[in-house]
Amino acid sequence: MKPRIPIPTAAPQAYQALLSLEKYISTTSLTPVHKELIKIRASQINGCAHCINMHTVDARKHGISEQRIYLLSAWRDTDIYTEEEKAILALTEEVTLISHHVSDATYQNAASLFDDQYLAEIILAIITINSWNRIAITTGLRVS
């Protein structure tokens, strides 16, 4: 692949704005497990090898088991995720695949499990990783 535009140097203010959003996400009340499940699942859907690699490493550091990492793409077919995690994963999938819209059922389920602040933080975390995925994929970041 030919080298592609380096966003951090070509548009430093925009890149810094996205980094600021990422820094905000790191200060939220979201648990490290919830953050990493969001990041891995969105990255799987988007096919971002760079982000999948980074966030599975981070997930292990936060104590997420190999089994929970391996089964993440098939989370509906297992009982190893909590009700809250399943709500987060469903919302992550629908926000990531936004052209299908976020269903009322998915949103209401998440809203019934989390307070407004936590739900807002979940949504912002999903939006943020989707932005990073799009930058990594478009600019050709590779796992070496």
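Me: Buried means under 20% relative accessible area, and exposed means over 50%. In this predicted model, is Tyr118 buried or exposed?

Reply: The relative accessible area of Tyr118 is 11%. The cut-off for burial is under 20%, so Tyr118 counts as buried.

Me: How are the rings of Phe114 and Tyr118 arranged, stacked or edge-to-face?

Reply: Phe114 is buried too, at a relative accessible area of 11%. Its ring centre is 5.3 Å from that of Tyr118, and the two planes meet at 20°. Planes under 30 degrees apart count as stacked. The pair of Phe114 and Tyr118 is therefore stacked.

Me: What is the angle between the ring planes of Tyr15 and Trp132?

Reply: The structure holds 2 aromatic pairs, and one of them joins Tyr15 to Trp132 with ring centres 5.5 Å apart. Tyr15 belongs to helix 2 and Trp132 to helix 8, 117 residues apart, so that the pair links distant parts of the chain. Planes over 60 degrees apart count as edge-to-face. The pair is edge-to-face because its planes stand at 75°.

Me: Which of the two residues, Tyr15 or Trp132, is partly exposed?

Reply: Trp132 has 13% relative accessibility and so counts as buried. The other ring has a relative accessible area of 22%, and partly exposed covers values between the limits of 20% and 50%. The partly exposed residue is Tyr15.

Me: Which helix gives the largest share of the lining of the largest pocket?

Reply: This pocket holds about 220 Å³ of space and is lined by 17 residues, with Tyr15, His50, Trp132, Ile135 and Leu141 nearest its centre. Two or more lining residues come from each of helix 1 (7-10), helix 2, helix 4 (49-61) and helix 8. The largest share, 5 residues, is from helix 8.

Me: How many residues of the largest nonpolar core come from helix 8?

Reply: This core has 21 residues, and those with the most contacts inside it include Ile38, Leu91 and Phe114. Helix 2 (12-27), helix 3 (32-46), helix 6 (83-96) and helix 8 (116-139) each supply at least two of its residues. Helix 8 gives the largest share, which is 8 residues.

Me: Which residues does Phe114 touch, not counting those up to four places away in sequence?

Reply: Phe114 is among the residues with the most contacts inside the largest core. Once residues up to four places away are set aside, Phe114 touches His34, Glu84, Ala87, Ile88, Leu119 and Ile122.

Me: What is the relative accessible area of Leu89?

Reply: A second, separate core of 10 residues includes Leu89, along with Leu37, Tyr81 and Ala90. Leu89 sits in helix 6. Beyond its neighbours within four places, Leu89 is in contact with Leu37, Arg41, Leu72, Trp75 and Tyr81. Leu89 is buried, and its relative accessible area is 0%.

Me: What share of residues 12-94 is helix?

Reply: UniProt, in an unreviewed entry, places the feature "domain: Carboxymuconolactone decarboxylase-like" at residues 12-94. The end C-alpha atoms of that span lie 30 Å apart. Strand accounts for 0% of the span, and helix for 73%.

Me: Which residue in the loop between helix 6 and helix 7 (104-113) has a positive phi although it is not a glycine?

Reply: The residue in question has a phi of about 70°. It is exposed, with a relative accessible area of 57%, against a cut-off of over 50%. The residue found in this loop is His101.

Notes: Residues are numbered from 1 along each chain as its sequence is written. This is a predicted model: local features need pLDDT of at least 70, side-chain atom pairs count only at pLDDT 80 or more; totals for chains, interfaces and linings use all residues. Side-chain values use heavy atoms; hydrogens and water are left out. A nonpolar core is a set of buried Ala, Val, Leu, Ile, Met, Phe, Trp, Tyr and Cys residues joined through side-chain atoms within 4.5 Å. Buried means under 20% relative accessible area, exposed over 50%, partly exposed in between (1.4 Å probe, protein chains only). Helices (H or I, at least four residues) and strands (E, at least two) are DSSP runs, numbered from the N terminus. Contact means heavy atoms within 4.5 Å. Rings of Phe, Tyr and Trp (its six-membered ring) pair if their centres lie within 6.5 Å; planes under 30 degrees apart count as stacked, over 60 as edge-to-face and the rest as tilted. UniProt positions are given in the numbering used here, feature names are shortened, and annotations may be inferred rather than shown by experiment. On a 1 Å grid over the protein atoms alone, a cavity is a set of points where a 1.4 Å probe fits but cannot get out, and a pocket is an open set with protein on both sides within 12 Å along at least five of seven lines; lining residues have an atom within 4 Å of a point. Grid points are joined across faces, edges and corners, and a volume is the space filled by probe spheres set on the points.
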